[in-house]
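Q: Please take a close look at one helix of this protein, and set it in the context of the whole chain.

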Amino acid sequence: MINQSILKIMELAHREQKPLANVMLKLVEEIGELGEAVNHHEGYLPHKDMKEGMVGEVADVVQCAVTVLVKAYPESSDHALLADLKYWLDRKNEKWESLPTTKR
């Protein structure tokens, strides 16, 4: 289940020794790699060897983003952060659902 995977990322995030700013830089790096994977997927970088592919890069972005969240709120429990994340994801999904597809 996805909640268990997110909780595992949170558990690992507590072990992360890098400061929040460094984790944020890693997130930016992973977003760049995701961009390359998208370009490769769309045929713009056919010469590039993508080891993980787009799904692997999305997983890297999610891992880094969740780690940023955990590092930013060290006083919060993982379950409280997960509940907050779910709340915001639900709100964002409702917002996206109400937008015409051309505005996304």
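A: Accessible areas here come from the Shrake-Rupley method with a 1.4 Å probe. In this predicted model, the accessible surface of the protein comes to about 7700 Å², and carbon and sulfur atoms account for 58% of that area. The protein has four helices and zero strands, so that its elements, read from the N terminus, follow the order α-α-α-α. The C-alpha trace spans about 45 × 40 × 25 Å along its principal axes, and 23% of the 104 residues count as buried. Among contacts with a separation of 6 or more, 68% are between residues 24 or more positions apart.

The helix chosen for the close look is α4, which covers residues 78–98. Its 21 residues should span 30 Å at 1.5 Å a residue, and this agrees with the end C-alpha atoms, which lie 30 Å apart. Within α4, the residues Asp78, Leu81 and Leu82 are buried. Because these residues cover an arc of only 95° around the axis, they fall on the same side of α4. The cover over the buried residues of α4 includes α1, residues 2–15, and α3, residues 53–72. On the face of α4 turned away from that buried side, by contrast, are the exposed residues His79, Glu94 and Ser98.

Returning to the whole protein, there are 13 positive and 17 negative charges, and the mean positions of the two sets are 4 Å apart.

How values were computed:
Residues numbered from 1 in each chain as written. Predicted model: local features only at pLDDT ≥ 70, side-chain atom pairs only at ≥ 80, totals over all residues. Heavy atoms only, no water. Helix = DSSP H or I, 4+ residues; strand = E, 2+ residues; numbered from the N terminus. Buried < 20%, exposed > 50% of the residue type's maximum accessible area, 1.4 Å probe, protein only. Contact = heavy atoms within 4.5 Å. Lys, Arg positive; Asp, Glu negative; His and termini not counted. Charge placed at Lys NZ, Arg CZ, Asp CG, Glu CD. Expected span 1.5 Å × (residues − 1). Arc of directions from axis to C-beta.
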